[in-house]
Amino acid sequence: MFSRLREDIACVFDRDPAARSIWEVLTCYPGFHALQCHRFIHLLWRAGLRWLARWLSHCVRWLTGIEIHPGATIGRRVFIDHGMGVVIGETAEIGDDCTLYHGVTLGGTSWNKGKRHPTLRSGVVIGAGAQVLGPLTVGEGARVGSNAVVVRDVPAGATAVGIPARIIEGERDQAREEKAEKMGFSAYAVTREDDPLAKAIHGLLDHAVDTDRRLELLLERLERAGLLDDAAGDGMATADKFDPNYLGRIVD
């Protein structure tokens, strides 16, 4: 029991630079309070004292703003930062070393009994306001961006962003997202698989990323060769400005 308590305190210091003392963690961290209470309440639930467990979890919700169903399974060194508005459903499973921020929901999409809430593998990070819904699995070390709505499995080590969440896999997707941000709009809510407009926009973004890369290489070679001279007014080193409003008009 005390070893688990020490682990939970240590993980707060590891993941929150605002933590200054053990006393502060013990008295001022609602996520820490909710998890310690849940460990005891979960034992009551497993012992068959279902009403008592539900009533105690309701009291903890009132005190901390964090609602954890007594039936939820939570691993070691889990950290709920801030915590207000966090909801964790009955059949949710959270692995070791996971981090949840405020406003996160691990919810269900069905009224049927049985497994209906998410499973988070070890090391998962869920951003503020994210909704992870249904009996899906978020793989080990994966991340879910703030305010994302996840309704399908997230592979280990991947990042899910947007509404509905898209999976960012590898360097090309990351470069695409960075280019979209520079252009002044977010492609997060665009469905990749079955929306022809989404495919067209992704094609444009991929082409823009590749063109930028080639131009950077060309400018570097011209500069090394001594052929690039901004002072002469040739304008070679000045990139064209992209008008996001124009992109918005052509895809409307």
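**Exercise 1. Work out how much surface the protein chain exposes, and what share of it carbon and sulfur atoms supply.**

Step 1: The protein chain exposes about 14,800 Å², an area that comes from the Shrake-Rupley method with a 1.4 Å probe, where for residues only the protein chains shown count as cover.
Step 2: Carbon and sulfur atoms supply 56% of that area.
Step 3: Now look inside: 38% of the 252 residues are buried (buried is under 20% relative accessible area, exposed is over 50%, partly exposed is in between, with a 1.4 Å probe and protein chains only).

Before you go on, keep in mind that this is a predicted model, in which local features need pLDDT of at least 70, side-chain atom pairs count only at pLDDT 80 or more, and totals for chains, interfaces and linings use all residues. Residues are numbered from 1 along each chain as its sequence is written, and side-chain values use heavy atoms, with hydrogens and water left out.

**Exercise 2. Count the helices and strands, then describe how helix α3 and helix α4 pack.**

Step 1: You'll find 7 helices and 15 strands in the protein chain; these are DSSP runs numbered from the N terminus, with helices being H or I of at least four residues and strands E of at least two.
Step 2: Two packed helices are described by the angle between their axes and the distance between the axes.
Step 3: For α3 (residues 30-46) and α4 (residues 50-64), the angle is about 175° and the axes are 9 Å apart. Axes here are lines fitted to C-alpha atoms, for helices over the stretch in contact, and angles run from 0 to 180 degrees between N-to-C directions.
Step 4: So α3 is roughly antiparallel to α4 (under 35 degrees is roughly parallel, over 145 roughly antiparallel, 65 to 115 roughly perpendicular and the rest oblique).
Step 5: Residues making the contact include H33, F40 and W45 of α3 and R50, L56 and T64 of α4, where contact means heavy atoms within 4.5 Å.

**Exercise 3. Find the parts of the chain that the salt bridges R39–D8 and D97–R15 link.**

Step 1: Side chains of opposite charge can pair when their charged atoms come close. A salt bridge is a side-chain nitrogen of Lys or Arg within 4 Å of a carboxyl oxygen of Asp or Glu, and the whole structure has 9 of them.
Step 2: R39 and D8 meet at 3.2 Å, N to O. This pair links distant parts of the chain, with R39 in helix α3 and D8 in helix α1, 31 residues apart.
Step 3: Are these two buried or exposed? R39 is buried because its relative accessible area is 17%, and D8 is buried too, at 2%.
Step 4: In the D97–R15 bridge, the closest N and O atoms are 3.8 Å apart. D97 sits in the loop between β5 (93-94) and β6 (99-100) and R15 in helix α1, so the pair ties together parts 82 residues apart in sequence.
Step 5: D97 is partly exposed at 30%, and R15 is partly exposed at 24%.

**Exercise 4. Track down the nonpolar patch on the surface and say which helix gives the largest share.**

Step 1: The patch is formed by F13, I22, W23 and L26, with about 420 Å² of accessible area together. Patches are made of residues with over 30% relative accessible area and no salt bridge; like charges are joined within 9 Å, nonpolar side chains (Val, Leu, Ile, Met, Phe, Trp, Tyr) within 5 Å.
Step 2: Helix α2 (residues 22-28) gives the largest share, 3 residues.
Step 3: F13 belongs to helix α1 (residues 2-15), and F13 is partly exposed because its relative accessible area is 33%.
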